[in-house]
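Please take the sequence and the model together, and follow the chain from its interior to its surface in the paragraphs below.

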Amino acid sequence: MSAPLIEGLPVGLAVDGLSAVMVVTISTVLLAVLVYAAGEFGRDEAHSRFYGLMLLFAGAMLITVTATNLVTLLMAWEVMGAMSYALIAFWWRETDRATSGMIAFLTTRGGDVGLYLAAGAALAGGALGLDLAGLAGVPGVWRDAVVAGVVLAALGKSAQLPFSFWLSRAMAGPSPVSALLHSATMVAAGAYLLLRLQPLLAATPWAGPLVAWVGVLTALALAAVAVAQSDLKQVLAASTCSQIGFMVLAAGTGAVTAGAGQLVAHAATKSLLFLGAGAWLTVLGTKQLGELRGAARRYPLLGITFTIGALSLAGVPPLSIWLTKDAVLSAALHTSPALYVMGLAAVVLSGAYVGRALGFVWARTPDRAENRASVLSQVPLPFLAAASALLGVVIAPQLSLSWWELGLSGLLAVTGVLVALRMRAGTRGLLGNWLGIESMTRSVIVGPTLSLATALARFDDKVVDGGVRAAAATGAAVARLTNARLEISLDAVVGWVARGSRALGRWARRPQTGQLHQYYAQAVVGLVVLAVLLMIVR
């Protein structure tokens with residue numbers, strides 16, 4: 001579908017194989033999240049605002065995945081970013097939540113500049129329609145600028161290094177927001193864009209390797225961060241960065257089908273886990289792992305579905321992510337053994353953070369009175385658990401899999417889970433603080449930027465505005481001086497002319513006596529004067 005926007009730049013939407021998968025995934029997860037929210041939100045919440053923002057957010061994501069050119073993509077991308085800010089800061093009266101929404105928004109906006117760079121470079125390179133399919137054909141240095149912009153925007157949106165810290169801040173939003181944002185929508189948008197534009201990455205020699213290495217480094221580093229967390233939602237947030245890293249790795253190595261399979265399996269799994277964590281937060285009033293001891297035993301449905309999702313997230317056989325993640329790792333092995341080894345290390349750490357979380361929620365604790373979980377909020381969980389477990393079987397025929405690679409990754413995932421089951425203590429160090437990236441960003445970027453802005457503001461106030469004010473004051477002084485002197489002189493000249501005119505008028509009236517003989521005498525005198533003048537002239 002195409003509709004005119006401005007001359008040569010239409011709004012274009014299309015559904016093909018990859019976008020069709022995303023449309024179905026987004027719609028399914030959205031339905032599950034909204035059903036959960038209907039049972040989760042209390043009567044005092046702003047239901048209309050929440051559901052309106054969620055639908056706008058999901059609608060923008062649907063346009064993002066079906067856009068055929070950069071104009072359409074940019075419009076949807078901007079709306080999605082704005083809605084994410086509104087949803088993360090949904091409880092805006094709480095200062096910390098509003099601040100978290102602002103940090104998440106500004107961080108992703110920093111990456112979004114890349115799409116404008118890409119659009120400008122594409123136009124300069126001759127891609128007048130800005131069609132996504134034609135970006136790979138942009139010539140020379142302009143293609144490098146296009147791919148640089150796309151990669152920057154995608155890494156920012158998908159919370160890859162060095163942008164990962166904003167996803168920690170996104171946990172300030174309601175649990176349904178976290179479930180949708182972390183599974184099938186905003187965080188997945190960057191990975192989807194890289195998969196969609198994989199021909200562009202392949203056409204630029206440096207882009208594919210760069211994307212692959214950023215993806216695998218994020219998968220490894222953020223898995224380590226997840227192991228160190230003591231807050232269940234922070235564990236899941238860090239794991240999202242890590243799992244999206246595998247999708248980015250797939251885009252960098254050209255494994256589009258494997259990356260799409262990982263995206264779909266992760267969407268079902270992560271929405272399940274966030275909804276389960278949200279349900280525990282509602283009934284127990286906490287998301288700290290130490291205070292969730294035995295939660296799975298006290299709420300069996302929540303416990304069982306959460307466990308299925310967690311084991312799938314770890315890549316434990318035979319669950320979905322085991323198959324999709326291994327297909328990504330297989331592509332990495334054919335590209336670079338180093339990428340494959342680092343990916344396997346990330347698999348071990350994935351098992352570790354999952355095992356640690358399961359060790360807490362299944363721990364034996366004395367029974368105690370608890371609140372009941374809403375029935376409606378639990379309705380989507382079995383369906384998402386089934387998808388988390390079985391989607392891999394549906395996707396597997398489309399993937400390139402090797403039995404020894406499957407066995408190795410599955411063994412490492414199980415080993416990570418078993419080793420970490422007894423792990424208890426988190427850490428407040430560098431890993432616990434999300435590698436200190438937010439603090440570093442404040443020191444290296446935010447602080448100098450604010451200092452520069454302050455200095456420029458002072459320069460503007462003191463020098464630029466001061467110069468304007470001085471010029472205005474000088475002009476006013478000159479005007480007053482001119483008014484005091486020139487105006488007086490002009491008034492005097494006008495007065496002299498007026499007085500002279502009046503005098504001439506009086507003299508001109510004197511001959512006008514009304515007596516005929518005087519007029520004859522005046523005429524004679526005039527003729528005599530004229531005759532004398534003629535004789536003198538001659």
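Does Leu-200 count as buried or exposed? In this predicted model, Leu-200 has a relative accessibility of 2% and therefore counts as buried, since the cut-off for that class is under 20%. Leu-200 is found in helix H9, which covers residues 198-203, and, once its neighbours within four places in sequence are left aside, it is in contact with Leu-135, Ala-136, Arg-143, Val-146, Val-147 and Val-150. One of these partners, Leu-135, is 65 residues away from Leu-200 in sequence, yet the two C-alpha atoms are 6.4 Å apart in space.

Leu-135 also leads to another part of the interior, for it is among the residues in contact with Leu-70, together with Leu-115, Ala-118, Ala-119, Ala-122, Leu-130 and Leu-132, again leaving aside the neighbours of Leu-70 within four places in sequence. Leu-70 belongs to the largest nonpolar core, a set of 152 residues in which Leu-70, Trp-166, Leu-194 and Trp-280 touch the most other members. The helix that gives the most to this core is H12 (residues 256-284), with 14 residues.

A charged residue can be followed next. Lys-325, found in helix H15 (residues 320-335), is buried and yet has no salt bridge, the nearest side chain of opposite charge being that of Asp-326, 9.7 Å away. A salt bridge would require a side-chain nitrogen of Lys or Arg within 4 Å of a carboxyl oxygen of Asp or Glu, which is why a separation of 9.7 Å does not qualify. What surrounds Lys-325 beyond its neighbours within four places in sequence is a set of contacts made up of Gln-243, Phe-246, Gln-262, Leu-313, Ala-314, Gly-315, Val-347 and Ser-350.

The loops hold several backbone features that deserve inspection. In the loop between helix H14 (300-314) and H15, where Pro-318 is found, a cis peptide bond joins Pro-317 and Pro-318, with omega about 0 degrees. Another cis bond runs from Leu-161 to Pro-162, with omega near 5 degrees, and Pro-162 has its place in the loop between helix H5 (140-157) and helix H6 (165-169).

The loop between helix H19 (403-420) and helix H20 (437-509) contains Trp-434, and Leu-435 lies in the loop between H19 and H20 as well. Trp-434 has a phi near 55 degrees, a positive value in a residue other than glycine, and phi of Leu-435, likewise not a glycine, is positive too, near 65 degrees. As to accessibility, Trp-434 is buried, with a relative accessible area of 6%, whereas Leu-435 is partly exposed at 21%.

Helix H20 itself includes Val-446, which at 35% relative accessibility counts as partly exposed. Val-446 and Gln-378 are 68 residues apart along the chain, and their C-alpha atoms are separated by 42 Å.

Towards the surface, the reader may finally turn to helix H21 (residues 516-537), in which Val-532 is found. Val-532 counts as partly exposed, because its relative accessibility is 36%, and it takes part in a nonpolar surface patch of about 750 Å² that is made by Val-524, Val-525, Val-528, Val-529, Val-532, Leu-533, Met-535 and Ile-536.

Conventions:
Residues are numbered from 1 along each chain as its sequence is written. This is a predicted model: local features need pLDDT of at least 70, side-chain atom pairs count only at pLDDT 80 or more; totals for chains, interfaces and linings use all residues. Side-chain values use heavy atoms; hydrogens and water are left out. Helices (H or I, at least four residues) and strands (E, at least two) are DSSP runs, numbered from the N terminus. Buried means under 20% relative accessible area, exposed over 50%, partly exposed in between (1.4 Å probe, protein chains only). Lys and Arg count as positive and Asp and Glu as negative; His and the chain ends are not counted. Contact means heavy atoms within 4.5 Å. A nonpolar core is a set of buried Ala, Val, Leu, Ile, Met, Phe, Trp, Tyr and Cys residues joined through side-chain atoms within 4.5 Å. Patches are made of residues with over 30% relative accessible area and no salt bridge: like charges are joined within 9 Å, nonpolar side chains (Val, Leu, Ile, Met, Phe, Trp, Tyr) within 5 Å. Accessible areas come from the Shrake-Rupley method with a 1.4 Å probe; for residues, only the protein chains shown count as cover.
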